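Visitor: I should like a close look at a single part of this model. Please describe its setting and then place it within the whole.

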Amino acid sequence: MNSIVLRTTLSLIFVCALMTSFAVSDSLQNRTRIELGLGFWHRGSSVTAKTDISGVQTTLDAGGPLGWVGLSHWLTENISLTALVNFNSLGLETKAGILGVKNYTALVNSVLIGSRFYPFVNSLESKSRLYIAAAIGRYAGHESGQTIGLTGISITSKSASAFGGNLSAGLDTQLSHRFMLGFNGGYNFMSDFSEPIGGRVNHGGGYLGLSISYLFGN
């Protein structure tokens with residue numbers, strides 16, 4: 001798993017370095033952007049859970065794909081307010097037991113409100129802007145599936161929610177007056193769900209991601 005994280009990190013850095021050569025320098029104060037991002041969420045070690053006496057076992061991977069949609073508005077050149085909706089698809093592997101086969105899917109998403117601070121904008125005329133960020137909000141887990149057994153097919157589903165947030169750092173590079181490329185990494189933290197979702201009560205962990213944004217305003 002560490003090799004996957006390393007390859008992902010090096011790939012994202014290479015893409016950002018390549019795109020920076022096409023960057024422009026532009027004012028962002030009072031402008032707004034819509035951001036679409038993809039990345040990788042690493043939750044530590046994989047977990048295998050035995051669900052019941054039938055012997056059905058489910059393995060939750062240590063990491064999985066992450067996607068997000070964000071809306072940001074720059075109050076000044078140094079500070080932007082952000083709203084983010086994140087989606088994390090959980091990697092699951094289900095094994096059959098003596099009484100049947102269970103297949104299910106699980107998803108953790110979050111709605112977070114926060115801010116990004118760009119500390120070097122006033123001192124450096126740079127096409128790329130380093131930032132640190134923080135956000136808080138609600139994490140929601142959803143799990144659904146079906147069991148095919150000796151007595152027929154049963155369908156189950158459950159949901160749980162928790163409070164949390166993230167701390168991150170990144171680099172925004174303006175490609176043109178309307179488009180921006182972003183690279184960031186950070187850590188999602190959260191309280192425990194009231195019951196396991198995808199074999200875990202807590203899905204906190206680090207992440208890396210790459211985003212593209214469209215900028216509104218003059």
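Guide: A strand here is a DSSP run of E of at least two residues, and strands are numbered from the N terminus. On that basis, G141 belongs to strand β8, which covers residues 128-149. The model is a predicted one, and this glycine is the part I shall examine.

Is G141 buried or exposed? Buried means under 20% relative accessible area; G141 has a relative accessibility of 0% and therefore counts as buried.

Which residues surround G141, once its neighbours within four places in sequence are left aside? Its contacts are L107, V108, K158, S159, A160, F193 and I197. A further pairing can be given as a distance: the C-alpha atoms of G141 and A106 are 7.3 Å apart, although 35 residues separate the two along the chain.

Several of these names recur in the nonpolar interior. The largest nonpolar core has 15 residues, and V108, F193 and I197 are among those with the most contacts inside it, together with W41, L66, Y139 and M190. At least two residues of this core come from each of β4 (63-74), β7 (100-117), β8 and β9 (152-174). The greatest contribution is that of β7, which gives three residues. A second core, separate from this one, consists of eight residues, including Y118, V121, Y131 and L215.

For another buried position, one may turn to W74 in strand β4. The relative accessible area of W74 is 0%, so this tryptophan is buried. Beyond its neighbours within four places in sequence, W74 touches Y118 and L215, both of which are members of the second core. The other contacts of W74 are L28, Q29, N30, R31, R33, I79, S80 and M180. Of these, R33 lies 41 residues away along the chain, with 8.8 Å between its C-alpha atom and that of W74.

Finally, the whole protein. The protein has one helix and 11 strands; from the N terminus, the helix comes at the start of the order and the strands follow. Of the 218 residues, 41% are buried. Among contacts between residues at least 6 apart in sequence, 69% join residues at least 24 apart. The accessible surface amounts to about 11000 Å², and carbon and sulfur atoms account for 65% of that area.

Methods. Residues numbered from 1 in each chain as written. Predicted model: local features only at pLDDT ≥ 70, side-chain atom pairs only at ≥ 80, totals over all residues. Heavy atoms only, no water. Helix = DSSP H or I, 4+ residues; strand = E, 2+ residues; numbered from the N terminus. Buried < 20%, exposed > 50% of the residue type's maximum accessible area, 1.4 Å probe, protein only. Contact = heavy atoms within 4.5 Å. Areas by Shrake-Rupley, 256 points an atom, 1.4 Å probe, with all protein chains shown as cover. Core = buried A, V, L, I, M, F, W, Y, C linked by side-chain atoms within 4.5 Å.
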